[in-house]
Amino acid sequence: MRATKITAIAAALVFSASLAACGGDDASGEDTAAAPAATTASAAPSMAGTDTMATFGAGCAAVPTEASDPGSFDAMAKVPVATAASGNPLLSTLVTAVKQAGLVDTLNTAPALTVFAPTNDAFAKIPAADLKAVLADKKTLTSILTYHVVEGKLTPAQLAGTHKTIQGDEVTVEGSGSDFKVNEASVVCGNVQTANATVYIIDSVLMPKG
């Protein structure tokens, strides 16, 4: 009987200590539970230390910050790459070209890609008559666009080097940290995540060698 009483008292003490611990967490944890989520959401675009989540580059400032905006990083991360690009205000000319080439499904259904995505300003560097001619030539347009795509999701740490594109030619990436060049184009906003791709937004249109 005495052993039973001792066991019961010990159990009660442990239970009381557990309640006290939980109570302490509740009292001090309400604010801290919410704080990490808010910090992560606001810091994600500028954190350069993590390959999997952080975006980088001055061009990222032009991306909408409101999570409900289809062009925001949060919204882009939830949908496949061609759909994600369609909401980004920097990439409307690229989206037009992708639709013209009939590549939306190809890009959206691929399991994992790295996409070097030229901005509207990058396309504006091409003389208007030449751009119009390319958009009208599906074979040439497809070759150019697929030259901007590499199989697999490359993190910033994996980015430097030579990579074979799905077009067949290779692109060469030089740099490190938050400063990269893809052939002659500079990355202006990098490590943008979509549901099936990592996107590096660049300031010039890449031209295949062949």
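**Exercise 1.** In this predicted model, decide whether Cys60 is buried or exposed, and then do likewise for Cys189.

*Solution.* Begin with Cys60, whose relative accessibility is 8%; because buried means under 20% relative accessible area, Cys60 counts as buried. Next take Cys189, which has a relative accessibility of 0% and therefore counts as buried.

**Exercise 2.** Find which residue is joined to Cys60 by a disulfide, and work out which parts of the chain this link ties together.

*Solution.* A search of the whole structure gives one disulfide. Its partners are Cys60 and Cys189, with a distance of 2.1 Å from S to S, and this satisfies the cut-off because a disulfide requires sulfur atoms within 2.5 Å. Now place the partners: Cys60 lies in the loop between α1 (2-43) and α2 (73-76), while Cys189 belongs to strand β6 (residues 185-193), so the pair ties together parts that are 129 residues apart in sequence. Finally, the link of Cys60 and Cys189 is right-handed, with 100° about the S-S bond.

**Exercise 3.** Describe the aromatic pair that Phe56 forms with Phe180, and then the one that Phe56 forms with Tyr200.

*Solution.* The count comes to three aromatic pairs. In one of them, Phe56 and Phe180 are tilted, at 5.9 Å centre to centre and with 45° between the planes. Since Phe56 lies in the loop between α1 and α2 and Phe180 in strand β5 (residues 179-182), the pair ties together parts that are 124 residues apart in sequence. Phe56 and Tyr200 also form a tilted pair, with 6.4 Å centre to centre and 50° between the planes, and both residues are buried. As a last step, note that ring pairs link Phe56, Phe116, Phe180 and Tyr200 into a cluster.

Definitions and conventions. Residues numbered from 1 in each chain as written. Predicted model: local features only at pLDDT ≥ 70, side-chain atom pairs only at ≥ 80, totals over all residues. Heavy atoms only, no water. Helix = DSSP H or I, 4+ residues; strand = E, 2+ residues; numbered from the N terminus. Buried < 20%, exposed > 50% of the residue type's maximum accessible area, 1.4 Å probe, protein only. Phe/Tyr/Trp six-rings, centres within 6.5 Å; stacked < 30°, edge-to-face > 60°.
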